[in-house]
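Visitor: I would like a close look at a single residue of this model, with a careful account of where it sits and what surrounds it. Could you take me through it slowly?

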Amino acid sequence: MTDEEHLDADGDLGFTPAVVDDTGRPAPSRTATPRRRALRRRITSLAVLVGALTVVGGGYAMLAPASGADDTAATSQDVEAGRQLYNNSCITCHGANLEGVTGRGPTIVGTGSADVYFQVSTGRMPAPVQGAWELRKVPKFNEQEILQLGAFVQSKGGGPEVPAADADLRADADKLGDGGELFRLNCASCHGATGHGAPLSAGKIAPDLYRATDRQLYTAMQVGPENMPVFGNNQITPEQKRAIIGYVQAMKESNDPGGAGLGRIGPVAEGLVIWTAGLGVLMVSILWIGARL
Ligand code: HEC
Ligand code: HEC
């Protein structure tokens, strides 16, 4: 843009400036100011943008690995916190050294943090009364406390370990076929072909799998509660466990009555999405045409 154009466009110097250089044009010092201002404004907004991106990116970089690091390794504080929770809620039935108490509860030496996770996160433990077969209930402890209890039991005698809190336990949709086959082979005989649960012999039941989280499914396979067999990594590899979990959770979604069972409504939902998106495009076009006029 030349100086003349600039002045014409702005019109804020609608007179011949008192100071002119020998070409007859206004002195650069007078006209450079608005240009410099515009440039400064552009630099400022660029700096703001870069700053914002840095903050967002830096914040993410700070948070993302931190959450992973915290969850994987149990610290000695976790073990100590777990010991206190154990002494308050479990010791009467499982004993001071996890050796069990006759007539109250079995030894849990070597059951590992996976078993503790399964039992406590599904509310089966702490058992309210002794002897009864515990079913799923509202859990008494939060996720952190459950992991602390697990860390304590783990420290006392090893056993299968609960997967890290940030582990991805569900295979992608392309493994649904494998998952379905493994499920029919290993789980359907007790839990039913659709995971709805079924009665077993001697008045016991295999519960439905619709309320189980990824981690509960995984730990159930690791520890085999009650009549359920243990599915060690030799029988079902971790990769196959993930495929089973993907299948069970997909089945659960398609069994959801109402709600967000998008996979189930199929064509209707897609039609709705196209309709909504189309309407959005139409609105934007209308606004755009309006703004141009
Ligand atoms: C009132 C007694 C009682 C209390 C309190 C109790 N348990 Fe248990 N627990 C039992 C009994 C009985 C069993 C075995 C019956 C069963 O498997 O349902 C058991 C089983 C377990 C198992 C599975 C053992 C195995 O062989 O797989 C774990 C793990 C466990 N308890 C952990 C805990 C933890 C952790 C707490 C405290 C938060 C706790 N329990 C509190 C009585 C109790
Ligand atoms: C021989 C029968 C049997 C087989 C086979 C079996 N289960 Fe189970 N499962 C059970 C029983 C019984 C329970 C209840 C245990 C209890 O309440 O302590 C159970 C409980 C569970 C739970 C806990 C559900 C809840 O909401 O608390 C999950 C998850 C689970 N099983 C997953 C599986 C998966 C996945 C497979 C296949 C890899 C499988 N089971 C194979 C009998 C079986």
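**A close look at Met251**

Guide: Met251 is buried, with a relative accessible area of 11%, and because buried means a relative accessible area under 20%, its value falls within that class. Please keep in mind, as we go on, that this is a predicted model. Along the chain, Met251 belongs to helix H10, which covers residues 238-255. If we leave aside the neighbours within four places in sequence, the residues in contact with Met251 are Phe183, Ala193, Thr194 and Gly195. Another residue to look for is Gly180, which stands 71 residues from Met251 in sequence, while the two C-alpha atoms are 9.4 Å apart in space.

Two places on the surface can be set beside this buried residue. One is a patch of negative charge, in which Asp172, Asp174, Asp178 and Glu181 gather. Asp172 lies in the loop that runs between helix H6 (143-155) and helix H7 (176-186), and with a relative accessible area of 56% Asp172 is exposed, whereas Met251, at 11%, is buried.

The other place is a nonpolar patch on the surface, formed by Trp275, Leu279, Leu282, Met283 and Ile286, which together have about 570 Å² of accessible area. Leu279, one of these residues, is part of helix H12, made of residues 267-292, and Leu279 is partly exposed, with a relative accessible area of 40%.

Terms used. Residues numbered from 1 in each chain as written. Chains lettered and ligands numbered in written order. Predicted model: local features only at pLDDT ≥ 70, side-chain atom pairs only at ≥ 80, totals over all residues. Heavy atoms only, no water. Patch = residues over 30% accessible without salt bridge, like charges linked within 9 Å, V, L, I, M, F, W, Y side chains within 5 Å. Areas by Shrake-Rupley, 256 points an atom, 1.4 Å probe, with all protein chains shown as cover. Salt bridge = Lys/Arg side-chain N within 4 Å of Asp/Glu carboxyl O. Lys, Arg positive; Asp, Glu negative; His and termini not counted. Charge placed at Lys NZ, Arg CZ, Asp CG, Glu CD. Helix = DSSP H or I, 4+ residues; strand = E, 2+ residues; numbered from the N terminus. Buried < 20%, exposed > 50% of the residue type's maximum accessible area, 1.4 Å probe, protein only. Contact = heavy atoms within 4.5 Å.
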